Amino acid sequence: MSYYSDSNRLFSRLRYKDVNGLLNISEINAITQTSENDAWLGTSSGLLLINTDNLYQPIVTISKHSINDLTHGDQFVWAATDKGILQVDPQLKNTYIPKGLKSVEDESIEHLLLSDDDMLWFSSSYGLYKYDIHQDKLVNLGFSWALDQKHSIQITHIYQNKNSQISIGTNVGLYRYENGALTFDYAYVHAGSILDMVDTEYGNSWIVSNYGLQISNSNGIRTDISLPTEYTTPHCVLSSDNGVWLSSSKGLSLYTHRGRIVKHFGTQSGLINNELLPDLCSISPNGVMLFASKDGVIVAHEQELIEYHRPKPHVVLGQIKIDSEIVNYGGEKKLTKQVPYGANISFLFGVLPEFNNKSLSFQLLGSNDEAWQDFDGSLLIFDSLQSGKYELRIKPRNNGQRRSLVTEVEFYVEVPWFFAPWFIFFLFSLVSVILMGIYYWRSKEIKKSNEKLKKSVEIKTKQLSNQGKALISSNRQLQKLLTVRQHVISEMAEQARQPIKDIQANLQKKGLLTNLALANQCEHSLQLLEQLTHIEPFVTLQKNKRTNQVLAPLLSAALKSWKDEYHTKGVDLFLKTIHKAFLSLFNRS
């Protein structure tokens, strides 16, 4: 499929060695225009004159010399050749060499300029010259004005600005001719090789170098100018009342005098990349622009280019794929086939009329991020989109030159079975049944556990009750045993008292001292027996029969009970009885 831009009619072409044989040459070295329709071509085959109004008129050959550069004044055209300089009469179409230029007849003249004061400036491998056409006087300036004599210097361009100042472009920078001397302009020390220059009505100088495009104001301050696209090489500049035209490796661009790009005519407008040649452009007073190209000559009319309004660029969808399957061709605004969940969808597209434009922006409505995003290329892929409705909007990035049309396409990502309403309902029902079953089983288990616990508590309660009753019974039996024991002890003590009393009475009757001592011992024994008969709980039953108790036996009994336990703690207990019992504690530590 071939694409032809309707703006192709804006550019007329005269190609090398085409079928009609009009331009039977292979290379153009210089071009200039002297009137509304006359254009002069300096070629390796000679000097040619063409009519820009009708490119298919016969071409007039003026000279057979190889032409390197051209310049013109009000009356004559001057041509730089491999054999000096030719003066051409446009009316008579004849050439001759002025007497003052005979000395350079054997030199190859490379660059040529006629200044406003009718001074002819030209250069060769021997240096720079100036020739006064009125006085027929030639001055050889050589290369003595060059700043660095150690390295070979090459003159690349000769230019006169609106102030009639001569500028000499070289491969190392720019020199200006002031007060009869050439001085280096340090503002261009890093400008590289100067290829072309032009002044605007605002007093700015536009400089084309191998480093790019710059504007220099009257104060010498330079500003870099943005080129139409990336990797663009500027070639030639032309100034007019409508702005500044720049020919480059990417086509033809129009700038305002301040340096803002207004229009660009590139491959989408009928021009070819790398077609236009450096420093080979010209514009006539009536706006006819002439450019040398690799294939011949291109003629354009400034007013037609300014008035031409290109259609707004828009994206054209060419192909839509789901995974690796092609599902759509062309620019349908809605995709009928649904995109399976988890699949990727890709869009292949181009831009018309800017089919080489790869700088685009897109917006995906329905996604989490609906902001415009920039990308470069002609393929856009979306992976694993969520289910739902989406609208893809694509437009070319226009870099602020003009608005772009937005291309829209709708598509739908289907809902997977595990997100379908019936599956969600089924899943909810299943979970509900499971929860109810768990609740029922749990309630049943808790009820069983409660019943089991209740039975266990009842059993334990009964056991405790029985144990309590047994304890009470045992306690009563123990009390009875103690009571019986006390009665037994009391009875035995009472029976032991009577004999002792009889012995005591007999001893007292005899009255002997020995007998008296025995009587006292009997008295003591009786007291002990008396005390034994009144030990609790027997005494508790006979509260009215309480008697004084002898403390020493009780303390001795208690001491025997606690002596071992205190011994383990490091304390020894001793009981000493004299007349009154007292307790001594000794700590071994």
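The following exchange between a trainee and a mentor examines a predicted model of one protein chain.

Trainee: Which conventions apply to the numbering and to the confidence limits of this predicted model?
Mentor: Residues are numbered from 1 along each chain as its sequence is written, and side-chain values use heavy atoms, with hydrogens and water left out. Local features need pLDDT of at least 70, totals for chains, interfaces and linings use all residues, and side-chain atom pairs count only at pLDDT 80 or more.

Trainee: What is the mean pLDDT of the protein chain?
Mentor: pLDDT is the predictor's confidence in each residue, from 0 to 100. In the protein chain, 84% of the residues reach 70 or more. The mean pLDDT is 82.

Trainee: Which element of the protein chain has the lowest mean pLDDT?
Mentor: Helices (H or I, at least four residues) and strands (E, at least two) are DSSP runs, numbered from the N terminus. The highest mean, 95, belongs to strand β7 (residues 77-81). The lowest, 46, belongs to helix α4 (residues 538-541).

Trainee: How many contacts does the stretch of residues 580-585 have beyond near neighbours in sequence?
Mentor: Contact means heavy atoms within 4.5 Å. The pLDDT over residues 580-585 is below 50. Beyond near neighbours in sequence, the number of contacts of this stretch in the model is twelve.

Trainee: How many strands are there in the protein chain?
Mentor: The chain has 589 residues, of which 40% are buried; buried means under 20% relative accessible area, exposed over 50%, and partly exposed in between (1.4 Å probe, protein chains only). Its secondary structure includes five helices, and the number of strands is 38.

Trainee: Which cysteine residues form a disulfide?
Mentor: A disulfide is a pair of cysteine sulfur atoms within 2.5 Å, and the structure holds one. The sulfur atoms of the pair are 1.7 Å apart. The partners are cysteine 236 and cysteine 281.

Trainee: Where in the chain do cysteine 236 and cysteine 281 lie, and how many residues apart are they?
Mentor: The pair links distant parts of the chain. Cysteine 236 belongs to strand β22 (residues 234-240) and cysteine 281 to strand β26 (residues 276-283). Their separation is 45 residues.

Trainee: Is the disulfide of cysteine 236 and cysteine 281 left-handed or right-handed?
Mentor: Cysteine 236 counts as buried at 2% relative accessibility, and cysteine 281 counts as buried at 12%. The torsion about their S-S bond is about -60°, and therefore the disulfide is left-handed.

Trainee: Why is strand β14 (residues 155-160) described as largely enclosed by the rest of the structure?
Mentor: The description rests on the burial of the residues of β14. Strand β14 is largely enclosed because the number of its six residues that are buried is six.

Trainee: What is the strand order of the open sheet that contains β14?
Mentor: Two strands pair if DSSP finds at least two bridges between them. β14 and strand β15 (residues 166-170) pair in the antiparallel sense over five bridges, and five bridges also join β15 to the antiparallel strand β16 (residues 173-178). The sheet has four strands with antiparallel pairing, in the order β14-β15-β16-β17.

Trainee: Which strands stand at the edges of the sheet β14-β15-β16-β17?
Mentor: An edge strand here has a single partner strand, so one side of it is left without a neighbour in the sheet. The edge strands are β14 and β17 (181-185).

Trainee: Which residue in the hairpin of β14 and β15 takes a positive phi?
Mentor: The bridge partner of glutamine 160 in β15 is isoleucine 166, and isoleucine 166 stands opposite tyrosine 177 in β16. The hairpin has five residues between the strands. The residue with a positive phi, near 65°, is serine 164.

Trainee: Which residue stands opposite aspartate 89 in β9?
Mentor: Four strands form an open antiparallel sheet in the order β6-β7-β8-β9. The edge strands are β6 (67-72) and β9 (94-96), each pairing on one side only. Strand β8 (residues 84-89) and β9 pair in the antiparallel sense over three bridges. The residue opposite aspartate 89 is asparagine 94.

Trainee: Is serine 293 buried or exposed?
Mentor: Serine 293 is found in strand β27 (residues 288-293). Leaving aside neighbours within four places in sequence, its contacts include Tyr16 and Ile298. With a relative accessible area of 2%, serine 293 is buried.
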